[in-house]
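Thanks for sharing this one. Here are my notes, point by point, for you to read alongside the coordinates.

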Amino acid sequence: MRRRLVVGNWKMYGRLDRNKALLEGVLAGVRDFTSADYAVCVPYPYLAQAQSALQGSNVAWGAQNLSQYEEGAFTGAVAPGMLMDFGCRYVIIGHSERRGLFHESNEIAQAKFDAAIKAGLTPIFCVGETLSERESGVTEQVVATQLDAVLNVFGAKGLAKAIVAYEPVWAIGTGKTASPEQAQAVHAFIRQRVADLDSHVAQALCILYGGSVKPGNAVELFAMQDIDGGLIGGASLVVDDFVAICRAAAK
Ligand code: PGA
């Protein structure tokens, strides 16, 4: 049995005072949900705040990006070891906003994945198609290519220490969610692609769905066989919504 996982992706939102209320609300709300796992991925400057608020609780924390380099003259970049210094468990890699807005290629995502694993972080590796790709029927090819950036280099064993998030780009921040059946189909495709290499890794692999998950659709999404939880953007900034989604995962 795979444990469900719900991860909040705060993106570039937050201020110290608002974060405090959000972290306290989430902590209080999910304290008794012992059958699933939870985390929030916060902007870099707030990692220390997340660490001091969440240490010892059932909510882990992480970052939304990292440098593929260990250290050096890379102005503005943040090294994997720095994330470890702040107790991060997770790091999001290959989010469509990094791929689209910051031109991160599959090669960069692969290098960051490698750097994260080497540092002892758990990558949350994001894949997903755009609307035009879905409409032209190439969803599986796109997802396969993104996934293969990791599988071809590190094999299925590389994914044994990672989490995959399927996030259709057209569903992110748009209020349009993939139907449970649409999401399930891609999740099953991902699991099968890994199973072709290693069925044990595939069975244990946690595959999150992301893209406009809300309290109103979380239960039916999480009920699907290959959906093991969610990567939550907008709704992770609202205590009641995030807690309700966490509750749906605990069922
Ligand atoms: P959303 O974002 O829940 O606001 O659609 C999800 C994500 O980008 O991870």
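Is glutamine 68 buried, partly exposed or exposed?

1. Please keep in mind that this is a predicted model. As for the question, glutamine 68 has a relative accessible area of 25%; buried would mean under 20% and exposed over 50%, so this residue counts as partly exposed.

2. Where does glutamine 68 sit? Look in the loop that links strand 3 to helix 3 (80-85). Leaving aside residues up to four places away in sequence, glutamine 68 touches Ile108, Ala111, Lys112 and Ala115. For a sense of distance, its C-alpha atom is separated by 20 Å from that of alanine 160, a residue 92 places away along the chain.

3. Now the overall frame. Eight strands close into a barrel, with parallel pairing and the order 1-2-3-4-5-6-7-8. From one strand to the next, the twist averages 30 degrees.

4. One pairing to inspect is that of strand 5 (residues 122-127) with strand 6 (residues 163-166), which run in the parallel sense over four bridges. Among the residues involved is valine 127, whose bridge partner in strand 6 is tyrosine 166. Elsewhere on the sheet, helix 2 (residues 47-54) packs so as to touch strand 2 (36-41) and strand 3 (59-63). The direction of helix 2 makes about 170 degrees with that of strand 3.

5. Finally, have a look at helix 11 (residues 239-250). This helix lies across strand 1 (4-9), strand 2 and strand 8 (229-232), and helix 11 runs at about 165 degrees to strand 1.

Definitions and conventions. Residues are numbered from 1 along each chain as its sequence is written. This is a predicted model: local features need pLDDT of at least 70, side-chain atom pairs count only at pLDDT 80 or more; totals for chains, interfaces and linings use all residues. Side-chain values use heavy atoms; hydrogens and water are left out. Two strands pair if DSSP finds at least two bridges between them. Helices (H or I, at least four residues) and strands (E, at least two) are DSSP runs, numbered from the N terminus. Axes are lines fitted to C-alpha atoms, for helices over the stretch in contact, and angles run from 0 to 180 degrees between N-to-C directions. Contact means heavy atoms within 4.5 Å. Buried means under 20% relative accessible area, exposed over 50%, partly exposed in between (1.4 Å probe, protein chains only).
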